[in-house]
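Here is a chain to explore by question and answer. Look at the sequence and the structure, then read on.

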Amino acid sequence: MKTILVADDELDIRIMLKEYLELEGYFVITAGNGAETIKQVAKNPDLILLDINMPDIDGFTVCEKIRDYLSCPILFLTARTEEMDKVNGFRAGGDDYIVKPFGIEELLARVKAHLRREERSKLNHHIYMNGDLVVDFSSHVVTIDGEEIVLTNTEYKIVEFLITHAGRVFDKEQIYEKVRGYDGDADATIVTEHIRRIRKKMKVQENNEYIKTVWGVGYKWIG
């Protein structure tokens, strides 16, 4: 049974979501503020529905605090509709953005979609396949239509990192830190050049654009 954490300062919303999600067969835990949300993370939820406008610690800050320790999908719930709020949500490590008031059927559909993607990610941990593209994580080999794409070590690490976090948006600094570590001897802007080279190499044999640029935010894997 999947565990879902519902974090919202509005009691009515917590009760409503808990009832609907339990009817769908999920185990639901709740939190009414940011501090309580951080404590509930210790229960290792499979997905988090996280309100942005909480009184003590806002959802963006909560997400930033827990994201390095928790890989599960985080879906923001908010009444905010400004584009910059969405950008900040993705920068904080969120995976989706649901605007209040929302339809319960749409919310359930998004929850199920994110959980299915997590399951596929776990099942395909050693080999990733998307059309003619195959990435063998155990041998660090990337092929398209049976022909190997020769990537440098850093290029491969970027591809592997983005694939294993498919759908999430990362800025250059985040990608650089994950791939090269804090002790890297180059500037994070070099990530842009690495991604340009990856795209060029992968387009030699196929026209699919696997790495999408999210303008003003960063990059994400869309394959």
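Q: How far apart, N to O, are the side chains of Glu22 and Lys18 in their salt bridge?
A: This is a predicted model: local features need pLDDT of at least 70, side-chain atom pairs count only at pLDDT 80 or more, and totals for chains, interfaces and linings use all residues. Residues are numbered from 1 along each chain as its sequence is written, and side-chain values use heavy atoms, with hydrogens and water left out. A salt bridge is a side-chain nitrogen of Lys or Arg within 4 Å of a carboxyl oxygen of Asp or Glu. Glu22 and Lys18 meet this way, N to O, at 2.5 Å.

Q: Why are Glu22 and Lys18 separated by about one helical turn?
A: An α-helix has 3.6 residues a turn, so residues three or four places apart point the same way. Helices are DSSP runs of H or I with at least four residues, strands are runs of E with at least two, and both are numbered from the N terminus. Glu22 and Lys18 are separated by about one turn because they are four residues apart in helix 1.

Q: Is Glu22 buried, partly exposed or exposed?
A: Buried means under 20% relative accessible area, exposed over 50%, and partly exposed in between (1.4 Å probe, protein chains only). Glu22 has a relative accessible area of 37%, so Glu22 is partly exposed.

Q: Which residue forms a salt bridge with Glu193?
A: Glu193 lies in helix 8 (residues 190-202), and its partner lies four residues away, about one turn of the helix. The closest N and O atoms are 3.0 Å apart, and the partner is Arg197.

Q: How many residues apart are Lys100 and Asp8?
A: Lys100 and Asp8 form a salt bridge, with the closest N and O atoms 2.8 Å apart. The pair links distant parts of the chain: Lys100 is in the loop between strand 5 (96-99) and helix 5 (104-123), Asp8 in the loop between strand 1 (3-7) and helix 1, and they are 92 residues apart.

Q: Which residues are linked with Lys100 in a network of salt bridges?
A: Lys100 counts as buried at 15% relative accessibility. Asp8 also counts as buried, at 0%. The network links Lys100 with Asp8, Glu10 and Asp51.

Q: Which residues does Thr78 contact, leaving aside its neighbours within four places in sequence?
A: Thr78 is found in strand 4. At 0% relative accessibility, Thr78 counts as buried. With contact meaning heavy atoms within 4.5 Å, the partners are Asp51, Ile52, Asn53, Tyr97, Ile98, Val99 and Lys100.

Q: Why are the buried residues of helix 3 on the same side?
A: Helix 3 spans residues 59-67, and its buried residues are Gly59, Phe60, Val62, Cys63, Ile66 and Arg67. The arc is that of the directions from the helix axis to the C-beta atoms. The buried residues are on the same side of helix 3 because they cover an arc of only 160°.

Q: What do the buried residues of helix 3 pack against?
A: Two of the partners are strands and two are helices. The strands are strand 3 (47-51) and strand 4 (74-78), and the helices are helix 2 (34-40) and helix 4 (83-92).

Q: What separates the C-alpha atoms of Gly89 and Phe76?
A: Gly89 is found in helix 4. At 2% relative accessibility, Gly89 counts as buried. Gly89 and Phe76 are 13 residues apart along the chain, and their C-alpha atoms are separated by 7.3 Å.
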